[in-house]
Amino acid sequence: MFDQMPNAQPQFLTVGEGEAVRDIAIIVRPAQAGSDAPALIWLSGYRSDMSGTKAVELDGLAAELGLACIRLDYSGHGLSGGSFHDGTISRWLEEALAVIRHVAPERVILVGSSMGGWIALRLAQELARQGGPKLVGMVLIAPAPDFTSELIEPNLKAKERKSLAERGYFEERSQYSPEPNIYTRALIEDGRQNRVLDGIIETGCPVHILQGMKDADVPHAHAMKLVEHLPADDVVLTFIRDGDHRLSRPSDIALLLSAVKGIVRSSTNMQMPV
């Protein structure tokens, strides 16, 4: 068993230039010496951070298996600098790419939750276009690709449209936090430029999707739509009948870790513990 790093200190990576500069917090678990297994990269959801239950459990799995694990907080989240109001998919994607370039693993497995699933899919496209570490697998938890155009815009109320036009954002009560969710006009407009559900998504690797059927934020039909756009890949979709959006119960975590182990096993000769 490897050190769980309960008090691991974050590193900070400066991303952007001029007024867009911000310091991004990263926690990197190095791989066991001599390991050639892929690194796990955790991509959080909207308003979530790298200290959440699923992120910490993933790091614990990396400790157990001697794998590298890379976690980051997007700007405006967790320990990172920058304003949440400035956040867009392009901005957070830029940060995730910068972290990957900085740590420079040779092979990676992307593990994305909710909005992190969208960023994972965009990362796959950008790594294929720009070059970088080899993507050997993805695990997506309640993935929310294109959520701004698919799930928010079609359901905007008149007062929300007015708030967007007049204030540049609107607020929505959150069931996870006393603070409301904030959706900006910049986030919504930028989301249209980062759509992935408008054609075939070629990740070039196995994809395992975990989706709760009682998810009040991302309907399970959205996961089925995503699968339709991944026809060339080895895709597994696991529905959790009583699962919510967070999928953070012990039984949900067990499914997540099993999915990650399966992809690690398929990409290496490593023997997985039961």
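**Exercise 1. Place Arg195: classify its exposure and find its acidic partners.**

Step 1. Arginine 195 has a relative accessibility of 26% and counts as partly exposed. The cut-offs explain the label: buried is under 20%, exposed is over 50%, and partly exposed lies in between. Keep in mind that this is a predicted model.

Step 2. Look for the first partner. Arginine 195 makes a salt bridge with aspartate 146, with the closest N and O atoms 3.7 Å apart. That falls under the rule of a Lys or Arg side-chain nitrogen within 4 Å of an Asp or Glu carboxyl oxygen.

Step 3. Locate both ends. Arginine 195 sits in the loop between α6 (185-193) and β9 (207-212), and aspartate 146 in the loop between β6 (134-141) and α4 (147-152), so the pair ties together parts 49 residues apart in sequence.

Step 4. Check the acid. Aspartate 146 is buried, at a relative accessible area of 0%.

**Exercise 2. Which glutamate also pairs with Arg195, and what network results?**

Step 1. The glutamate is residue 150: its salt bridge with arginine 195 has closest N and O atoms 3.3 Å apart.

Step 2. Glutamate 150 belongs to helix α4, while arginine 195 is in the loop between α6 and β9, so this pair links parts 45 residues apart in sequence.

Step 3. Glutamate 150 counts as partly exposed, at 22% relative accessibility.

Step 4. Now join the bridges that share partners. Asp146, Glu150, Arg195 and Lys225 form one network.

**Exercise 3. Is Thr148 of helix α4 buried or exposed, and what does it touch?**

Step 1. Threonine 148 lies in helix α4.

Step 2. Its relative accessible area is 0%, so threonine 148 is buried.

Step 3. List the contacts, leaving out residues up to four places away in sequence. Threonine 148 touches Trp118, Glu153, Leu187, Ile188 and Gly191.

**Exercise 4. Analyse the pair formed by Arg29 and Asp59.**

Step 1. Start from the principle. Side chains of opposite charge can pair when their charged atoms come close.

Step 2. Apply the distance test. The side chains of arginine 29 and aspartate 59 meet in a salt bridge, at 2.9 Å from N to O.

Step 3. Place the partners. Arginine 29 is in strand β2 (residues 22-29) and aspartate 59 in helix α1 (residues 53-65); the two are 30 residues apart, and the pair links distant parts of the chain.

Step 4. Check exposure. Arginine 29 is buried, with a relative accessible area of 5%. Aspartate 59 is buried as well, at 4%.

**Exercise 5. How many salt bridges does the rule give?**

Solution. The count comes to 12 salt bridges.

How values were computed
Residues numbered from 1 in each chain as written. Predicted model: local features only at pLDDT ≥ 70, side-chain atom pairs only at ≥ 80, totals over all residues. Heavy atoms only, no water. Helix = DSSP H or I, 4+ residues; strand = E, 2+ residues; numbered from the N terminus. Buried < 20%, exposed > 50% of the residue type's maximum accessible area, 1.4 Å probe, protein only. Contact = heavy atoms within 4.5 Å.
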